[in-house]
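This report concerns the structure shown below. It considers individual residues, a pair of helices and the nonpolar cores in turn.

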Amino acid sequence: MMLSLIIVAVFVVSVLWSIFSKGLPVLTWDMIISLPGSGFYIGKEGGFLNAIVGSLYIVTGATVVGLIVSIPVVFYLNVYLKSTSRFGYIARLAFDVLFGIPSIVYGAFAFTIMVAMGIKASLLGGIIVETLLIIPILIRSMDEVARTIPKNLLEAAYALGATKIETIGVVVRQIAPAIATATLLSIGRAMGDAAGVMFTAGFTDFIPESFEDKCATLPLSVFFQLSVPQIEVQNRAYAAAVVLTVIVLILSLSGRLFMRYFSKNRIS
């Protein structure tokens, strides 16, 4: 176990060292607050503010929509269905399969839907594909915790005259840490996805002003800059990777604080 821990730690430290050692020396405040200028991708002035804002737009929209869809599903599986329900078993199996599908497949599927509905590559398209990507993560993460809730806790609520809708309040207090954890995992997955948004969100050097505008993301910004032969542009890609890593770390720490707070209300 110690050997496994050391191996994982070495990989994590190696990745972080590779990113920060190459990205921090070239990262400037102007890169963070500026849009790409003329000739940015051949080594001239500008920054990647468009990609930072675009990533936050897509991840925020996808997370909100994903939670709105996922939480009722978790409640239905654990409050309204019996633990021996065959439909519940099939639904969980389906979400397990969706959990492991690569993001590029979601991108192709969402692109097909967008073409059928006449939606162009845009911020809305990016939100659609990332929502599809994170819904299985949200549902299965919350469902696994919800299934551990003592049955006598729910039975006690029913014995006191609570309806199934009122019992949902009991479930919420129990799975609140799981909601925070699932949201954290989903944000990390959506923030780092490049394949899905490449088909659906497009890319632009400007900040989108509506759902119909194209939207840049940090992973795509890193990808496009690393594809350029100029060393200066490739170093900027590592600077963008540093910003992306810092954002994910901040979200991770925030998620842990929320988990610690909500865990106080959980009955073990």
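Ser 103 lies in helix H5, which spans residues 103-117. The model is a predicted one, and in it Ser 103 counts as buried because its relative accessibility is 15%, below the 20% limit for that class. Apart from neighbours up to four places away in sequence, Ser 103 is in contact with Leu 133, Arg 189, Asp 193, Ala 195 and Gly 196. The C-alpha atoms of Ser 103 and Leu 133 are 6.7 Å apart, although their positions lie 30 residues apart in sequence terms.

Another serine, Ser 55, belongs to helix H3. Ser 55 is buried, with a relative accessible area of 3%. The contacts of Ser 55, sequence neighbours up to four places away excluded, are Met 191, Ala 216, Thr 217, Leu 218 and Pro 219.

Helix H1, residues 2-23, contains Gly 23; Phe 20 is also placed in helix H1. Is Gly 23 buried or exposed? Gly 23 is buried, at a relative accessible area of 0%. Phe 20, by contrast, is partly exposed, because its relative accessible area is 22% and the buried class ends at 20%. Beyond four places in sequence, Gly 23 touches Tyr 238, Ala 239 and Val 242. Under that exclusion Phe 20 touches Pro 25, Val 242, Thr 245 and Val 246. Val 242 is thus a contact of Gly 23 and of Phe 20.

The C-alpha separations for three residue pairs are set out here.

| Residue pair | Separation along the chain | C-alpha separation |
|---|---|---|
| Ser 103 and Leu 133 | 30 residues | 6.7 Å |
| Gly 23 and Val 8 | 15 residues | 23 Å |
| Phe 20 and Ala 176 | 156 residues | 34 Å |

The next topic is the packing of two helices. How do the axes of H4 and H6 cross? The two axes come within 9 Å and cross at roughly 130°. H4 and H6 are therefore oblique to each other, since an angle has to be over 145 degrees to count as roughly antiparallel. The crossing of H4 and H6 is left-handed. On the H4 side, the residues involved are Arg 92, Phe 95, Asp 96, Leu 98 and Phe 99; they meet Pro 136, Ile 137, Ile 139, Arg 140 and Asp 143 of H6. Sorted by class, this contact comprises six nonpolar and four charged residues, with no polar ones.

Finally, the nonpolar cores are described. The largest nonpolar core has 44 residues, and the members that touch the most others are Phe 48, Val 171, Ile 175 and Leu 218. Two or more residues of this core come from each of helix H3 (49-80), helix H4 (86-99), helix H6 (123-146), helix H7 (151-159), helix H8 (164-191), helix H10 (218-226) and helix H11 (231-263). A second core, separate from this one, has 11 residues, including Ala 110, Ile 127, Cys 215 and Leu 220. In soluble globular proteins, nonpolar side chains tend to be buried together.

Within the largest core, Val 171 is one of the residues that touch the most other members. Which residues does Val 171 touch, when those up to four places away in sequence are not counted? They are Phe 75, Val 79, Ile 149 and Leu 154. Leu 218, likewise named among the members of the largest core that touch the most others, is also a contact of the buried Ser 55.

Methods: Residues are numbered from 1 along each chain as its sequence is written. This is a predicted model: local features need pLDDT of at least 70, side-chain atom pairs count only at pLDDT 80 or more; totals for chains, interfaces and linings use all residues. Side-chain values use heavy atoms; hydrogens and water are left out. A nonpolar core is a set of buried Ala, Val, Leu, Ile, Met, Phe, Trp, Tyr and Cys residues joined through side-chain atoms within 4.5 Å. Buried means under 20% relative accessible area, exposed over 50%, partly exposed in between (1.4 Å probe, protein chains only). Helices (H or I, at least four residues) and strands (E, at least two) are DSSP runs, numbered from the N terminus. Contact means heavy atoms within 4.5 Å. Axes are lines fitted to C-alpha atoms, for helices over the stretch in contact, and angles run from 0 to 180 degrees between N-to-C directions. Angles under 35 degrees count as roughly parallel, over 145 as roughly antiparallel, 65 to 115 as roughly perpendicular and the rest as oblique. A crossing is left-handed if the near helix is turned anticlockwise from the far one by less than a right angle, and right-handed if clockwise. Ala, Val, Leu, Ile, Met, Phe, Trp, Tyr, Cys and Pro count as nonpolar, Asp, Glu, Lys and Arg as charged, and the others, Gly among them, as polar.
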